[in-house]
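Subject: Structure handover

Hello,

Here is the structure I said I would pass on. My notes on charges, surface patches and backbone angles follow below it.

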Amino acid sequence: MRILIVEDDRDLADWLVKALRREKYAVDCVYDGSDAQHVLATHDYALVILDLTLPQRGGLAILRD
């Protein structure tokens, strides 16, 4: 299962990545909405953990696209 984490709080994002990788998940992480939009357009994910308040483009705008 491939997971994308979209979180601008780098400490929280790093903790989530480490915890999920420890459980053997494939995890990618981006820190702002514009990067998230690009990655989601070019890769498939089984799960996205999405912060709603992000720099560049908010999480709700990403969900609408």
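Asp9 counts as partly exposed, because its relative accessibility is 38%. Please keep in mind throughout that this is a predicted model. Asp9 sits in the loop between β1 (2–6) and α1 (10–22). Together with Asp8, Asp11 and Asp14, Asp9 forms a negative surface patch.

Glu7 is in the loop between β1 and α1. Glu7 is buried and has no salt bridge. The nearest side chain of opposite charge is that of Arg10, at 9.6 Å. What the side chain of Glu7 does have is a polar atom 2.9 Å from the backbone nitrogen of Asp9.

Asp51 is another buried acid without a salt bridge. For Asp51, the nearest side chain of opposite charge is Arg10, 11 Å away. Asp51 belongs to the loop between β3 and α3, and its side chain reaches the backbone nitrogen of Thr53 at 3.1 Å. If you plan to assign protonation states, these are the two buried acids I have notes on: Glu7 and Asp51.

Salt bridges

How many salt bridges are there? The count is two.

One of them joins the side chains of Arg2 and Asp28, with an N to O distance of 3.0 Å. This pair links distant parts of the chain, since Arg2 is in strand β1 and Asp28 in strand β2 (residues 26–30), with the two positions 26 residues apart in sequence terms. Arg2 has a relative accessibility of 35% and so counts as partly exposed. Asp28 is also rated partly exposed, because its relative accessible area is 22%, and the limit for buried is under 20%.

The other salt bridge is between Arg57 and Asp65, whose closest N and O atoms are 2.2 Å apart. Are these two partners buried, partly exposed or exposed? Arg57 has a relative accessible area of 25%, so it is partly exposed. Asp65 has 58% and is therefore exposed.

Nonpolar patch

Which residues form the nonpolar patch on the surface? They are Met1, Tyr25, Leu47 and Ile49, and together they have about 360 Å² of accessible area. Leu47 lies in strand β3 (residues 47–50). The relative accessible area of Leu47 is 38%, so this residue is partly exposed. That value also satisfies the patch rule, because members need over 30%.

Backbone angles

Two residues other than glycine are noted here for a positive phi: Lys24 and Gln56.

Lys24 has a phi of about 75°. Its place is the loop between α1 and β2. With a relative accessible area of 74%, Lys24 is exposed.

Gln56 has a phi near 75°. This residue is found in the loop between β3 and α3 (59–64), where Asp51 is found as well. Gln56 is exposed, with a relative accessible area of 67%.

In brief

For a quick check in your viewer, these are the places to select:

- the negative patch of Asp8, Asp9, Asp11 and Asp14
- the nonpolar patch of Met1, Tyr25, Leu47 and Ile49
- the salt bridge of Arg2 with Asp28
- the salt bridge of Arg57 with Asp65
- the contact from the side chain of Glu7 to the backbone nitrogen of Asp9
- the contact from the side chain of Asp51 to the backbone nitrogen of Thr53
- the positive phi of Lys24
- the positive phi of Gln56

Regards

How values were computed
Residues numbered from 1 in each chain as written. Predicted model: local features only at pLDDT ≥ 70, side-chain atom pairs only at ≥ 80, totals over all residues. Heavy atoms only, no water. Patch = residues over 30% accessible without salt bridge, like charges linked within 9 Å, V, L, I, M, F, W, Y side chains within 5 Å. Areas by Shrake-Rupley, 256 points an atom, 1.4 Å probe, with all protein chains shown as cover. Salt bridge = Lys/Arg side-chain N within 4 Å of Asp/Glu carboxyl O. Helix = DSSP H or I, 4+ residues; strand = E, 2+ residues; numbered from the N terminus. Buried < 20%, exposed > 50% of the residue type's maximum accessible area, 1.4 Å probe, protein only. Lys, Arg positive; Asp, Glu negative; His and termini not counted. Charge placed at Lys NZ, Arg CZ, Asp CG, Glu CD. Polar contact = N/O pair within 3.5 Å; in protein donor to acceptor, adjacent residues only side chain to side chain.
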